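Here is an easygoing tour for someone meeting this chain for the first time. Have a look at the picture, then read on.

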Amino acid sequence: MSKRLIKFHDPHEVQDFANKVSRYPYDMDLKRGRYIVDAKSILSILSMGFDNKIELKVYEDESEELNGLWNDISPYLAPVR
């Protein structure tokens, strides 16, 4: 399993993110607080709100293809502090 923090600022980013992650065969969840939703569902992601750090969990070991996913969604990765 791999994890990253992501952040969305508007609905267009959510739509773009969901379209990108849907191309990958992995199971993925988004977690914010006690809420966990499917990372490939636009409506579920919208329910998480905007400008919040959200944990993305990808249920796959690190690989070249998974690195491609991280590159595809890099605009949404939250800075780590």
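## A first look around

The chain is built from 3 helices and 4 strands. Follow the sequence from start to end and the pattern reads β-α-β-β-α-β-α. Keep in mind that what you see is a predicted model.

## Overall shape and surface

How does the radius of gyration fit with a compact globule? For 81 residues, such a globule would come out near 12 Å, and the chain has 11 Å, which agrees. Along the principal axes, the C-alpha trace spans about 30 × 25 × 20 Å.

Here are some whole-chain values side by side:

| Property of the chain | Value |
|---|---|
| Residues that count as buried | 33% of 81 residues |
| Accessible surface | about 5000 Å² |
| Part of that surface on carbon and sulfur atoms | 47% |
| Distance between the centres of the positive and negative side chains | 9 Å |

Behind that last row are 12 positive and 14 negative side chains. As for how the sequence folds back on itself, take the contacts between residues at least 6 apart in sequence: 65% of them join residues at least 24 apart.

## The helix at the end of the pattern

Now for helix α3, which covers residues 64-72. Leu66, Leu69 and Trp70 are buried in this helix. These three cover an arc of only 95° around the axis, which puts them on the same side of α3. There is a general rule at work here: an α-helix has 3.6 residues a turn, so residues three or four places apart point the same way.

What sits over the buried residues of α3? The cover includes strands β1 (2-6), β2 (28-32) and β4 (54-58), along with helix α1 (11-21). Turn to the face of α3 pointing away from its buried side and you will find the exposed residues Glu64 and Asn71.

## One leucine up close

Strand β2, part of that cover, is also home to leucine 30. Is leucine 30 buried or exposed? Its relative accessible area is 0%, and buried means under 20%, so leucine 30 is buried.

Which residues does leucine 30 touch, once its neighbours within four places in sequence are set aside? Its contacts include Ile6, Phe17, Tyr35, Ile36, Val37 and Ala39. Also on the list are Ile45, Met48, Ile54, Glu55 and Leu56. For a sense of distance, leucine 30 and leucine 5 are 25 residues apart in sequence, while their C-alpha atoms are 9.2 Å apart in space.

Key
Residues numbered from 1 in each chain as written. Predicted model: local features only at pLDDT ≥ 70, side-chain atom pairs only at ≥ 80, totals over all residues. Heavy atoms only, no water. Helix = DSSP H or I, 4+ residues; strand = E, 2+ residues; numbered from the N terminus. Rg over C-alpha atoms; globule rule 2.2 N^0.38 Å. Buried < 20%, exposed > 50% of the residue type's maximum accessible area, 1.4 Å probe, protein only. Contact = heavy atoms within 4.5 Å. Areas by Shrake-Rupley, 256 points an atom, 1.4 Å probe, with all protein chains shown as cover. Lys, Arg positive; Asp, Glu negative; His and termini not counted. Charge placed at Lys NZ, Arg CZ, Asp CG, Glu CD. Arc of directions from axis to C-beta.
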